[in-house]
Structures are given as structure tokens and as C-alpha cells.
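Reader: I am new to reading structures. Could you take me through one and show how each label is earned?

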Amino acid sequence: MTNEQKFMRAAVVAFLLLAATFFFVKGWFVAVPTLFAAMATAANAQRGGYAIPLALLFSAAGDYAGSEGSFLFQVGFFAVGHLCFIADFFACRKPTRKKGIWAAVLAVVTVVYLSVVLSYIVSEAEYVAVTVYAMIIYSMGATAILQQRKRYGWYVVAAVLFILSDSLIVFDKYIAQIPARSVWIMTTYYAAQGLFMTMHLMRGARKE
């Protein structure tokens with residue numbers, strides 16, 4: 001086993017332990033697992049690039065803002081994080097007809113769900129913020145689908161999990177309270193960030 005493999009396994013185990021700890025601590029600790037993922041990927045930035053470490057760092061900032069009840073700041077930080085993910089995925093784009101169809105399906109689902117959510121939003125600022133954010137997170141999912149690199153399917157899984165987590169957040173906030181909301185929202189969210197971290201750490205010396 002190489003040093004890189006040992007580091008990756010240790011990072012994955014540490015991330016899982018931190019994610020599990022959140023459900024007992026909660027509050028500001030919500031940002032710690034993603035911040036750890038940002039630090040772990042930053043250590044691999046020379047091989048894997050800086051976009052994903054930055055995406056995870058901004059996501060951690062969004063986590064903290066959310067724990068403080070600053071919804072618009074939370075949305076803003078996550079939006080910047082998604083732009084970093086988009087930059088990483090777009091660099092390896094290789095569209096095909098099949099991938100284009102799946103990106104189109106995601107677009108339809110996004111528009112339908114967004115129209116439902118927006119019908120419940122009263123605040124003009126939140127209406128605009130959610131609309132812009134939905135466009136950005138869709139772009140993140142679409143570029144994950146349209147890229148071509150080793151294990152790209154896992155990036156798609158991570159992107160879908162992230163979209164699902166955020167969809168649950170707005171459903172719970174604007175439409176109806178979700179039973180055991182933390183479990184559903186944070187399990188899908190941490191699964192997404194853990195996958196992004198793992199995929200980044202698996203990148204070799206050459207671009208994958």
C-alpha cells in the first residue's frame with residue numbers, strides 16, 4: 001500500500017467519524033467534517049487540483065452560516081462552492097448524446113421542483129436567492145454528468161446526493177417539516193462531500 005493510499009484511507013475514516021459525531025454534537029460542529037475534507041483535499045491539490053478543496057472550504061463556510069441561522073449567507077457560500085465544483089468538472093467535459101439526455105432530465109426535474117418551492121416563498125430576497133442557487137446547483141449536476149474522467153459515475157452520485165440534500169432543506173423550510181430532518185439532510189450531504197473528497201484523493205499524478 002502506497003503512502004497516498006494510506007492517507008486516503010485514514011482521511012475517509014476520519015471524515016466518517018467526524019460526520020457521525022455531528023449527530024451527537026450538532027450546532028457549529030456541522031462545518032467540521034466538510035472543513036476536514038477541504039484540508040485533506042488541499043494536501044492533494046498538486047495532484048488533484050485546487051477547485052474541489054475550495055468547493056469544500058466554501059461549503060464548510062455555508063455549513064457554519066446555516067448553523068448560525070444566516071440562510072442567505074448559507075446560500076451564498078454554497079453557491080460559490082458549486083461554482084468551484086463546476087470549474088473542476090467543466091475542465092474535463094466530454095459531452096455525449098446519452099449524457100446530454102440525462103442532463104436534460106435533470107433540468108426538467110429541477111425546473112418542476114423549483115416552481116413548486118417558489119410558490120411557497122414570500123420573501124423577495126429569498127425568492128431570488130433560491131432561484132439563482134437552483135440554476136447554479138443544476139449546472140454543478142449537469143457538468144458532473146457531462147465530464148469524462150475515471151470513476152466519473154461516482155462524481156455524478158455525489159452531485160445528485162448534494163442536490164437531494166439541498167432539495168430537502170428547501171422542502172423543510174418552505175413546504176412542510178420533514179420528520180428526522182437532520183438525519184435525511186445531513187446523511188445525504190455528508191455522503192456527497194465524502195465522495196467528492198475520496199474521488200479527489202484518488203486522483204493520480206496525471207489528470208483523471
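Reader: Where is Ala180 found?
Author: This is a predicted model. In it, Ala180 sits in the loop between α8 and α9.

Reader: What makes the phi of Ala180 worth a remark?
Author: Its phi is positive, about 55°, although Ala180 is not a glycine. Arg151 is another such case: its phi is near 60°, and the residue is not glycine. Arg151 lies in the loop between α7 and α8.

Reader: Why is Arg151 called partly exposed?
Author: Its relative accessible area is 36%. Buried means under 20% and exposed means over 50%. The value of 36% falls in between, so Arg151 is partly exposed.

Reader: How many salt bridges does the structure hold?
Author: There are 3. Side chains of opposite charge can pair when their charged atoms come close.

Reader: How do you know that Asp88 and Arg149 form a salt bridge?
Author: Look at the distance from N to O: 3.0 Å. The cut-off is within 4 Å, so the pair passes. Asp88 lies in helix α5, and Arg149 in the loop between α7 and α8, so the bridge ties together parts that are 61 residues apart in sequence.

Reader: Are these two residues buried or exposed?
Author: Asp88 is buried, with a relative accessible area of 8%. Arg149 counts as buried too, at 7%. Buried means under 20%, so both values meet the rule.

Reader: What makes Asp88 and Arg203 a salt bridge?
Author: Their closest N and O atoms are 2.8 Å apart. That is within 4 Å, so the label holds. This pair links distant parts of the chain: Asp88 is in helix α5, while Arg203 is in the segment after α9 (181-201), 115 residues apart. Arg203 counts as buried, at 4% relative accessibility.

Reader: Which residues are linked in a network of salt bridges?
Author: Asp88, Arg149 and Arg203 are linked in this way. Asp88 pairs with Arg149, and Asp88 also pairs with Arg203.

Reader: How do you know that Arg181 and Asp172 meet in a salt bridge?
Author: The N to O distance is 2.7 Å. The rule asks for within 4 Å, so this pair qualifies. Arg181 is partly exposed, at 34%. Asp172 counts as buried, at 15%.

Reader: How many disulfides are there?
Author: The count comes to 0. Take Cys84: the nearest cysteine sulfur, that of Cys92, is 15 Å away. A disulfide is a covalent bond between the sulfur atoms of two cysteines.

Reader: Why is there no bond between Cys92 and Cys84?
Author: Their sulfurs are 15 Å apart, too far for a bond. The limit is within 2.5 Å, so this pair fails. Cys84 counts as buried at 13% relative accessibility, and Cys92 counts as buried at 10%.

Reader: Which residues form the nonpolar patch on the surface?
Author: They are Leu35, Met39, Tyr50, Leu54 and Leu57. Together they have about 500 Å² of accessible area. Helices α2 (32-42) and α4 (51-67) each supply at least two residues of the patch.

Reader: What makes Leu57 fit for a patch?
Author: Leu57 is found in helix α4. Its relative accessible area is 42%, so it is partly exposed. A patch residue needs over 30%, so Leu57 passes that test.

Reader: Why is Val30 called buried?
Author: Its relative accessibility is 8%. Buried means under 20%, so the label fits. Val30 has its place in the loop between α1 (3-25) and α2. The C-alpha atoms of Val30 and Leu18 are separated by 9.2 Å, with the two residues 12 apart along the chain.

Reader: What about empty space: how much lies in the largest pocket?
Author: About 680 Å³. Of the 30 residues that line this pocket, the closest to its centre are Leu106, Thr110, Ile137, Ile163 and Ser167.

Reader: Which helices each supply at least two residues of that lining?
Author: They are α5 (71-90), α6 (97-118), α7 (124-146) and α8 (152-175).

Key
Residues numbered from 1 in each chain as written. Predicted model: local features only at pLDDT ≥ 70, side-chain atom pairs only at ≥ 80, totals over all residues. Heavy atoms only, no water. Patch = residues over 30% accessible without salt bridge, like charges linked within 9 Å, V, L, I, M, F, W, Y side chains within 5 Å. Areas by Shrake-Rupley, 256 points an atom, 1.4 Å probe, with all protein chains shown as cover. Salt bridge = Lys/Arg side-chain N within 4 Å of Asp/Glu carboxyl O. Helix = DSSP H or I, 4+ residues; strand = E, 2+ residues; numbered from the N terminus. Buried < 20%, exposed > 50% of the residue type's maximum accessible area, 1.4 Å probe, protein only. 1 Å grid on protein atoms, 1.4 Å probe; cavity = no way out; pocket = protein on both sides within 12 Å on 5 of 7 lines; lining within 4 Å. Points joined across faces, edges and corners; volume = space filled by probe spheres on them.
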